[in-house]
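Biologist: I am new to this structure and would like a close look at one part of it. Please take a single helix and go through it step by step.

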Amino acid sequence: ATPTAVMVGTGVGATQGVLIKGGKALESAHKVNCIVFDKTGTLTVGKPVVVATKLFKNMSLQDFYQFVAAAEVNSEHPIGKAIVEHAKKTAEYNEQNHPLPEASHFVSVSGHGVRAIVKNKEIMVGNKKLMLDHNIGISVDAVEMLAEAENRAQTGILVSLDGEIAGVLAVSDPLKPDAKQIISILNSMKIRSIMVTGDNWGTANSIARQAGIETVIAEAQPEAKAIKVKDLQSSGYTVAMVGDGINDSPALVAADVGMAIGAGTDIAIEAADIVLMKSNLEDIIIAIDLAKKTFSRIG
Ligand code: ADP
Ligand code: MG
């Protein structure tokens with residue numbers, strides 16, 4: 001393509017809310033035959049909500065949520081924020097008349113959850129790994145509740161108090177309404193779709209099934225996402241990565257084309273070659289189509 005064609009291409013992209021950071025991105029985009037999708041916030045809406053709670057201890061829901069919210073109030077993770085929102089209603093706390101108990105020794109364990117001391121009890125909120133790493137036994141009841149949540153494409157979150165499981169929460173973050181259709185269009189364009197996520201295998205598989213994605217990698221640390229991209233490149237694919245989170249940035253950089261969701265974190269947007277300003281999955285296809293038009297016009 002001539003420099004003029006590339007300029008026209010990036011200009012057309014800009015008018016449609018597809019920000020292309022240079023001709024190289026457009027050139028790589030026209031050859032893409034595999035797309036790696038992040039799950040949370042990319043294929044899913046990214047605004048999780050607590051939809052169920054099960055208690056395993058003799059305590060009120062209100063007391064339980066006081067502990068949980070006190071531990072999560074310092075978390076930056078969307079799941080942490082969802083739990084605090086839910087707790088506000090359940091524990092009926094508010095900053096003025098009914099404040100949360102103080103939490104000390106707060107630790108955010110990346111990809112696993114949080115820990116803190118609240119009212120002299122050690123509390124942990126997070127996934128199975130967090131509990132297993134701290135030698136906390138998970139009862140059959142709790143395992144069942146986790147499995148049920150995962151089958152419904154929800155994420156099960158465990159809560160421990162002083163080393164014993166006190167409750168399980170189910171958090172729902174549904175698929176974006178057009179995700180399935182976009183994956184099917186990509187299929188018809190002979191572009192393979194793969195999903196990578198830090199979430200557990202059960203939930204990841206359920207979401208992938210709903211989206212029509214066959215290849216899934218779950219419980220992936222940020223570096224594992226980038227390694228997957230590089231593996232696909234070694235097998236001959238030209239790879240686009242689509243993501244929104246800090247933990248997607250190594251993969252966005254590694255990919256032939258990194259595409260960031262506009263509503264995502266600044267770090268992801270900086271790491272990407274193309275920014276989908278409207279945060280629509282449809283704009284992935286618009287970007288690739290534009291690249292194809294630009295690079296087939298003159299060659
Ligand atoms: P992703 O954003 O791709 O779902 P993360 O690596 O951020 O993955 O988190 C992986 C898992 O760790 C989450 O699905 C959740 O089970 C657990 N987790 C992370 N942060 C928190 C938190 N603040 N509270 C509870 N669980 C959490
Ligand atoms: Mg994400």
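Modeller: The model is predicted, and the part I will take is helix 7, residues 140-151. Start with its length. At 1.5 Å a residue, its 12 residues should span 16 Å, the count being one less than the number of residues. The C-alpha atoms at its two ends are 16 Å apart, which agrees with that expectation.

Next comes the question of which residues are buried. In helix 7 these are Ala142, Met145, Leu146, Ala149 and Glu150. Viewed down the helix axis, the buried residues fall within an arc of 135°, so they line one face of helix 7. The face turned away from this buried side carries Val140, Asp141, Ala147 and Asn151, which are exposed.

What do the buried residues of helix 7 pack against? Their partners are three strands, namely strand 3 (49-55), strand 7 and strand 8 (164-172), together with helix 9 (201-211). After helix 7 comes alanine 153, which has a positive phi, near 70°.

One of these partners leads on to the ligand. Strand 7 (155-161) is among the elements that give two or more residues to the shell around ligand 1. That shell has 21 residues, of which His77, Gly80, Gly111, Asn127 and Gly198 come nearest to ligand 1. By type, the shell divides into 4 nonpolar, 14 polar and 3 charged residues. Domain 1 (3-45 + 175-297) and domain 2 (49-172) both contribute to the shell, so ligand 1 lies between them.

Notes: Residues numbered from 1 in each chain as written. Chains lettered and ligands numbered in written order. Predicted model: local features only at pLDDT ≥ 70, side-chain atom pairs only at ≥ 80, totals over all residues. Near = placed C-beta within 6 Å. Helix = DSSP H or I, 4+ residues; strand = E, 2+ residues; numbered from the N terminus. Nonpolar A, V, L, I, M, F, W, Y, C, P; charged D, E, K, R; others polar. Domains from an automatic or database assignment. Buried ≥ 20, exposed ≤ 12 C-beta atoms within 10 Å, placed from the backbone. Arc of directions from axis to C-beta. Contact = placed C-beta atoms within 7 Å.
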